[in-house]
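Dear colleague,

I am handing over the structure we spoke about, and my notes on it follow below. Please read them with the structure open beside you.

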Amino acid sequence: MTLTLTALATLLSVIALDKRPWNSPSMGLTILDLFRNTLFIYCALRWTQRAFWKIRSRGPIGAVLEFYSEIRRIIYGYILRVPSVRGQVREQLGDTLSKLSAKLIPVNQPHHLSLPEHGLDEDDVLAELDKLAKLDHVNWEEGYVSGAVYHGEEDLIRLQSEAFAKFIVTNPIHPDVFPGVRKMEAEVVAKVLDIFNAPPGAAGVCTSGGTESILVACLAARQKGAAERGISEPEMIMAETAHPAFRKAADYFKIKLHTVASPAPSYQVDVKAVGRLINSNTVMLVGSAPNFPHGIIDDISALSKLALQSKLWLHVDCCLGSFLVPFLEKAGFKTQPFDFRLEGVSSISCDTHKYGFAPKGNSTCLYRSAELRKYQYYVCPDWSGGVYASPGMAGSRPGALIAGCWASLMSLGNSGYLDSCIRIVGTTKQIVCAIQRVPELNSELEILGNPLVSILAFKARNLNTYHIVDAMTEKGWHLNALQNPPAIHVAVTIPITKVWERLIDDLQQVVSEEVEKERARAKAGIKKEPTSDTAVLYGLAGSLPNKSVLVDLTNGFLDLLYKA
Ligand SMILES: *Cc1c(COP(=O)(O)O)cnc(C)c1O
Ligand SMILES: *[C@@H]1O[C@H](CO)[C@@H](O)[C@H](O)[C@H]1NC(C)=O
Ligand SMILES: *[C@@H]1O[C@H](CO)[C@@H](O)[C@H](O)[C@H]1NC(C)=O
């Protein structure tokens, strides 16, 4: 926008120069001149303001460093476009993707690529489904997977399936046809508002997942900024560690995103840096309780103060913390303020489908007031199909999921969630304790920050962290590899609470094996080099100034998901 205006101003000045030679003082200021000058001043002011904001927020050195890495990205981008380089990269991409494809797509399976000529019998369909459910997979049933399946016990699954069956045809878009579904949805929101200590007048919506909850919160903040403050170029500020759903929202809704470091030793967002980034276009601040990578709760109290001072929207991402964080205090664990009791908190996203143990596809977004919620509504009064309105992004929605969610909340109740909080957070503390107390582990691994909930992250002191990830994968575990800094995380779930000792044993074995390997390598005089898949991938990712190769690779992976 500024660029186009500057170009226009330059163009006008050229035209003006053409008409008015410098040596004719008699002509005075033409209207064109006036227009040109105003435009120039406007652009100059805008550029100065941007430069000032940049230097104030990042400091002169930070601003120069940012500029430097941008230049590197651009130059590296050109290098990638050199035909010979491009050819090589393509070839390697192709290789990697065919390896991935071989891993992901089962061979020797019948493929159903078109409709069967005649519909199958019920028994045949069920038999096929059974085979699909039993395809070779990482064993979540025995607690080998970080996150993913949060509860997974038979009783609850049976109850949810029955709830599904009763409401399978329903759709909340027709509240008069399916009144029960409307009632259940409203009650789910009321219950979640209650556990997050919402003030009177607070409101909320149900969504299809954490990502959608975050999307609608960002949309609402942007719409409020536009409606109340006339902001046309909105900006938001968050920690680097905040969930990518916020980056998605920034992308979808054209919000400029500033990220802030979450430095060691606390790994909480640097609130001072957040403060320096606030300007007149800022519409939203974000905090996580806790964040996904390290399981750390940001200093929400400080963010809340900042939000109140600057009259800004503060969203707290409790998608992961969901039904654990609100129960920490009652369970007797250490906690930090995070909910609506902090005056500056405007909205909270809480995933019922994580530690709320509802079936996948369910989350909530809560607002301090119904007024704030209104900014996420969509209303179209003049459609030929009639007046159309929907509270969120979806049109038709599955009532069955609402019943599944409602049934889960009712069946667990306060006591159920308290109990699962004690089990899950208790196990997390046990794992942290083991890593810090067992000498062989403590000498090689370091826990990041002080995890208060169900996620713990650790990095290797001397070893290559990714070699540990891959060695654990060999042992059947599915842990998450992190980057910047390289680390590993475990999201503790009910299945993991039963087998955490095996996790520690395996980790101990892996670490001592890696230490041995490292010693052998040092003896043979071999440099530390990445030797496993994850190590190579993240080694490469970290060293690239321009990550477009990685983006291409990941796009290829997404394509594979739809390869029949
Ligand atoms: C899981 C998660 C989300 C949302 O993820 P969905 O997969 O869309 O439910 C948001 N924030 C955090 C911290 C999360 O862990
Ligand atoms: C990174 O490289 C790609 C491919 O050459 C290019 O399209 C892109 O513009 C580059 N990014 C930047 C910021 O220059
Ligand atoms: C459950 O999920 C569906 C879609 O995934 C959503 O439309 C509905 O509002 C959700 N209900 C609850 C109670 O979270």
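**Contacts of ligand 2**

An oxygen atom of ligand 2 lies 2.8 Å from a polar backbone atom of Gly-77. Please keep in mind throughout that this is a predicted model. Two side chains also make polar contacts with the ligand: an N or O atom in the side chain of Asn-546 is 2.4 Å from an oxygen atom of ligand 2, and a polar side-chain atom of Arg-81 is 3.2 Å from an oxygen atom of ligand 2. Of the 360 Å² that ligand 2 exposes when taken alone, the protein buries 64%.

The surroundings of ligand 2 consist of Glu-70, Arg-73, Ile-74, Gly-77, Leu-80, Arg-81, Asn-546 and Ser-548, and by character this shell divides into 2 nonpolar, 3 polar and 3 charged residues. Helix α2, which spans residues 31-81, supplies the largest share of the shell, with 6 residues. Arg-81 has a further partner besides the ligand, as its charged end sits over the ring of Tyr-78, at 4.9 Å from the ring centre.

**Aromatic rings**

Turning to the aromatic residues, a search of the whole structure gives 10 aromatic pairs. One of them joins Tyr-252 and Phe-253 in an edge-to-face arrangement, with 6.4 Å from centre to centre and 80 degrees between the planes. Is Phe-253 buried or exposed? Phe-253 counts as buried because its relative accessible area is 12%, and the cut-off for buried is under 20%. Elsewhere, Phe-323, Phe-327, Phe-357 and Tyr-417 come together as one aromatic cluster.

With best wishes

Notes: Residues numbered from 1 in each chain as written. Chains lettered and ligands numbered in written order. Predicted model: local features only at pLDDT ≥ 70, side-chain atom pairs only at ≥ 80, totals over all residues. Heavy atoms only, no water. Near = heavy atom within 4 Å. Polar contact = N/O pair within 3.5 Å; in protein donor to acceptor, adjacent residues only side chain to side chain. Areas by Shrake-Rupley, 256 points an atom, 1.4 Å probe, with all protein chains shown as cover. Helix = DSSP H or I, 4+ residues; strand = E, 2+ residues; numbered from the N terminus. Nonpolar A, V, L, I, M, F, W, Y, C, P; charged D, E, K, R; others polar. Phe/Tyr/Trp six-rings, centres within 6.5 Å; stacked < 30°, edge-to-face > 60°. Buried < 20%, exposed > 50% of the residue type's maximum accessible area, 1.4 Å probe, protein only. Lys NZ or Arg CZ within 6 Å of the ring centre and 35° of its normal.
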